[in-house]
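Let's take a walk through this structure together, one region at a time. Have the sequence and the 3D view open as you read.

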Amino acid sequence: MAAVLRCLVDWWLNLIGEIHRKFGIGGDSDPSSPNCGVFKRVIFPETDQAEWLNKVIQQLWPFVGDFMADILKKNVEPELKKAVMDSFTFSKVDMGTKPLRVEGVRVYNIRRGEIYMDLDLCYDGDADIDIGLLVSNAAGIQQIKLLGTLRVVLKPLLSAAPLVGGVSVFFITNPILDFDLTNLANIMDIPMFNTELHAIIQRQLSDLLVFPKRMEYIIGEGVKFSKLRCPRPQGVLAIHVKEAKDLMDADGIGISDPYAKVKVGDQTFQTAILENRKDAKWDQKFDALVDLAEERLVVTVLDEDTIGSDECLGTATVHISRVIEAGKIDEWFPLEGGEKGSINLALQWYYLANDASMLKNERECPRCLLMVCVDSAKGLLKPDQKPEDVSPVVSLSFKEQEFTSTEAAAAPEPSWQQDFRFLMTCAGEQMLSLKVKDSKNDTVYGTVEIDIKDLIGAPDMVLDQSYPLFSELQGITPELNLKLVLRVLTPDTDPRWLADSFQ
């Protein structure tokens, strides 16, 4: 994968000066090139074909097998051992000779200092994977098919070679994934094996490479991981779930117990449950951070059932790009998937402004977004301790909002490289509290409180520095490396805010 990404960076370098067009690479593809199996090939407007890139991937393909075997062993196999049986193993991973294909490439210039590329990927190859259960080679995976759009972000752009500081890659949405199982006669007595295997592999793919999860690689010397792992959101979507009417009779008595689930990316919100209603008036508001304009708002109305699972009364889907373009909308949306019914949603888009003067109006208290990238720590170890003796995590507290990082891997200077986001009002009157502690016991290595006023007064409302921690432990001098960014929510547009990338 790293080699493939390096090739993508080389492709960006070749794009400079539109060299690829000069040599005709952006023209029609070779009619003799293979279609992607059962998937019908679609040529998108403003999409370049990159047959030369497919030739590079073909040369790299023999080395992809080791990478895939590592992913299956480390990520998928442990989950299947728990779900199926302890003896489950991937005994052979052969990715075959037919490589993944790039069917199209689209390039965007969204923000200053960043390049976005969408690669339409298609795989319909001859991979052969053997599964061991109670006996070796009890089953196999063949006829693997994958179709999806992989986004590649090149950032930050540099004024010296290699011109690109780092690469981030992720699927915008879950790719279509399918495969066939062979030799099923040996495992037919294992209930739901086929369904469970599909579900776990899809879930592991999502946890690894579907946004907001991503893979990052540093290329340029001196580039910090925080520039890759703490990305700037597109903005904030204010969601007002007003009411629903003419809902489907889920209980057979003319009424339901409706509530609404609101989903944007990996964020989920829920309204109150209203009992015995044909129409529902919730009048509840939620704020969702939006990282990709391609995301969708999905609102599902359900009927609460005390026995069994809740029944879906219908779903409304709104493309967030439509709200961004309009600024705000207030409409009734039909509930698809149900017999009838509609829901009233009022949606408002807010940009993120890096203008500290907007916080100086004493008559108003604008909403803000605080972004905290927890990078790394040092000085946690006593002289007689080893890195594996500590299991550090970072807890963050901001008024009623609390988050805890994952446990850092054992290292002299543990690294988390995680970002956390807090929505707030009256930013200048609040404190952010952080604590570095051990996940396996009550040891607190150190604490620090940061006054948001310091962030308001910083250039561009960004602080990227090391903070000494107050510690009651003897023999350590802990420090925590953080990047903090403050932005003001505003419905107004400004080219400076749209280009802002927290550089």
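One yardstick will help us along the way: a residue counts as buried when its relative accessible area is under 20%, as exposed when that value is over 50%, and as partly exposed in between. Please also keep in mind that this is a predicted model.

Let's put the yardstick to use at once. Leucine 163 has a relative accessibility of 26%, so this residue counts as partly exposed. You will find leucine 163 in the loop between E5 and E6. Its backbone deserves a look too, for leucine 163 has a positive phi of about 75 degrees although it is not a glycine. As background, most residues other than glycine have a negative phi, and most peptide bonds are trans.

That loop has further features to show. Proline 156 belongs to the loop between strand E5 (139–154) and strand E6 (166–171), and the peptide bond that leads from lysine 155 to proline 156 is cis, with omega near -15 degrees. Proline 162 is also found in the loop between E5 and E6. Here a cis peptide bond joins alanine 161 to proline 162, with omega at about 10 degrees.

A positive phi turns up elsewhere as well: methionine 461, not a glycine either, has one of about 55 degrees. Methionine 461 sits in the loop between helix H7 (452–456) and strand E23 (462–468). Is methionine 461 buried or exposed? With a relative accessibility of 1%, methionine 461 counts as buried.

Now let's step back to the whole chain. Eight helices and 24 strands make up its list of helices and strands. The chain has 503 residues, and 48% of them count as buried. About 24900 Å² of the chain is exposed, and carbon and sulfur atoms supply 51% of that area. Among contacts in the chain with a separation of 6 or more, 66% are between residues 24 or more positions apart.

With so many strands to follow, let's pick out two sheets. One is an open sheet of four strands in the order E11-E10-E13-E14, paired antiparallel. Strand E11 (267–270) and strand E14 (311–319) stand at its edges with a single partner strand each, so one side of each has no neighbour in the sheet. From one strand to the next, the twist averages 20 degrees. Strand E13 (residues 296–303) and E14 run antiparallel and are joined by eight bridges. To see where they meet, look at valine 298, whose bridge partner in E14 is threonine 317.

The other is an open sheet of four strands with antiparallel pairing, in the order E19-E18-E21-E22. Its edges are E19 and strand E22 (444–451); each has a single partner strand, so one side of each is left without a neighbour in the sheet. Neighbouring strands here are turned by 15 degrees against each other on average, direction ignored. Four bridges pair strand E18 (residues 392–398) with E19 in the antiparallel sense, and phenylalanine 398 stands opposite glutamine 401 in E19.

Pause at valine 444, which lies in strand E22. Valine 444 is partly exposed, with a relative accessible area of 32%. Leaving aside residues up to four places away in sequence, valine 444 touches Lys435, Val436, Lys437, Ser471 and Leu473. The C-alpha atoms of valine 444 and leucine 380 are separated by 9.9 Å, and these two residues are 64 apart along the chain.

Our last stop is the aromatic rings. A pair of aromatic rings is described by the distance of the centres and the angle of the planes. Rings pair if their centres lie within 6.5 Å, and planes over 60 degrees apart count as edge-to-face. By this rule there are eight aromatic pairs. One of them is the edge-to-face pair of phenylalanine 88 and phenylalanine 90, with 5.2 Å from centre to centre and 90 degrees between the planes. Phenylalanine 88 is buried at 0% relative accessible area, and phenylalanine 90 is buried at 3%.

The rings of phenylalanine 403 and phenylalanine 422 have centres 5.1 Å apart and planes at 70 degrees, so this pair is edge-to-face. Phenylalanine 403 lies in strand E19 (residues 401–404) and phenylalanine 422 in strand E20 (residues 415–425), so the pair ties together parts that are 19 residues apart in sequence. Phenylalanine 403 is partly exposed, at 32%, whereas phenylalanine 422 is buried, at 0%. Ring pairs link Phe398, Phe403, Phe420 and Phe422 into a cluster.

Conventions
Residues numbered from 1 in each chain as written. Predicted model: local features only at pLDDT ≥ 70, side-chain atom pairs only at ≥ 80, totals over all residues. Heavy atoms only, no water. Phe/Tyr/Trp six-rings, centres within 6.5 Å; stacked < 30°, edge-to-face > 60°. Buried < 20%, exposed > 50% of the residue type's maximum accessible area, 1.4 Å probe, protein only. Contact = heavy atoms within 4.5 Å. Areas by Shrake-Rupley, 256 points an atom, 1.4 Å probe, with all protein chains shown as cover. Pairing = 2+ DSSP bridges. Axes fitted to C-alpha atoms, helices over the stretch in contact; angles between N-to-C directions.
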